[in-house]
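Student: Please take a close look at the loops of this model and at the residues in them that call for attention. I should like one connected account of the backbone and of the exposure to solvent.

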Amino acid sequence: MESAISDRHIRQWLGVGMVLALLSLSACQQEREHTADAIDDADSVSMMTSYGVNTLISDSGVIKYRIVTERWEVNTVRNPSRWEFMKGIFFEQFDEKFHVQAYIQADTAWYYDQLRLWKLRGRVNIRNVNGLIYQSEELYWDGLKHLFYSNVFSRVVTPERTIEGSYFQSDEGMNHYVVTNSKGSFIAEDLDSKQEEQPPTEEKNDTTPPPPVRQAASKHAITNR
């Protein structure tokens with residue numbers, strides 16, 4: 001009796017094992033779709049991150065700038081590729097004889113290396129050797145056209161005048177600039193000389209800012225010479 005019972009139990013366990021094996025084989029033959037989490041901007045990490053940077057930058061073999069920043073990230077994964085200065089940036093701009101021509105400072109900056117375009121944001125300040133002071137919340141620096149320009153409120157202070165306007169454009173030395181839709185204060189002699197040098201222009205009601213690299217025509221446009 002004990003032998004018969006043991007054989008019966010063995011056959012039952014063998015049957016259960018075969019069923020489990022068949023179920024396992026069937027599951028292995030079914031196709032499975034493997035998915036992953038979506039990729040966002042946070043996954044496009046920088047290729048290089050440097051801290052406490054104080055370095056010289058050359059252009060065509062000539063040293064043109066000094067960059068001082070707490071954090072410098074180089075990201076070639078994002079399109080367009082860029083350098084990021086999220087902890088602020090400070091520039092010194094040199095002439096060909098390595099004399100300082102201007103100081104540039106901003107809270108945040110991006111440099112699009114393939115476009116040779118700087119974007120400066122948050123408390124942008126520039127001071128040149130002639131005593132000019134420029135202030136704005138946003139400024140672009142086009143390295144191909146050698147221009148500064150801004151489409152937001154800008155303030156220019158010189159020893160002779162103070163000008164404020166909604167559009168600004170200048171050469172890299174801040175020696176020749178244009179401010180449109182402007183207001184400000186001038187000394188009488190400067191205002192008289194400007195009236196003699198420039199013919200009167202017709203007033204226009206259109207206050208739309210001009211394209212970034214084109215000089216706008218406006219009654220309130222003031223050009224420093």
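Tutor: Arg116 is partly exposed, because its relative accessible area of 30% falls between the 20% limit for buried and the 50% limit for exposed residues. In this predicted model, Arg116 sits in the loop that links strand 6 (108–112) with strand 7 (117–128). Its backbone deserves attention as well: Arg116 is a residue other than glycine, yet its phi is positive, near 55°.

Phe98 also has a positive phi, about 70°, although it is not a glycine. This residue belongs to the loop between strand 4 (89–94) and strand 5 (100–106). With a relative accessible area of 39%, Phe98 is partly exposed.

A further backbone feature concerns a peptide bond. Asn79 and Pro80 are joined in the cis form, with omega at about 0°. Pro80 lies in the loop that runs between strand 2 (62–75) and strand 3 (82–85).

The last loop to consider leads to a feature of the surface. Met47 is located between helix 1 (2–29) and strand 1 (48–59), in the loop there. Its relative accessibility is 57%, so Met47 counts as exposed, the cut-off being over 50%. Together with Met48 and Val77, Met47 forms a nonpolar patch on the surface. The accessible area of these three residues together is about 300 Å².

How values were computed:
Residues are numbered from 1 along each chain as its sequence is written. This is a predicted model: local features need pLDDT of at least 70, side-chain atom pairs count only at pLDDT 80 or more; totals for chains, interfaces and linings use all residues. Side-chain values use heavy atoms; hydrogens and water are left out. Helices (H or I, at least four residues) and strands (E, at least two) are DSSP runs, numbered from the N terminus. Buried means under 20% relative accessible area, exposed over 50%, partly exposed in between (1.4 Å probe, protein chains only). Patches are made of residues with over 30% relative accessible area and no salt bridge: like charges are joined within 9 Å, nonpolar side chains (Val, Leu, Ile, Met, Phe, Trp, Tyr) within 5 Å. Accessible areas come from the Shrake-Rupley method with a 1.4 Å probe; for residues, only the protein chains shown count as cover. A salt bridge is a side-chain nitrogen of Lys or Arg within 4 Å of a carboxyl oxygen of Asp or Glu.
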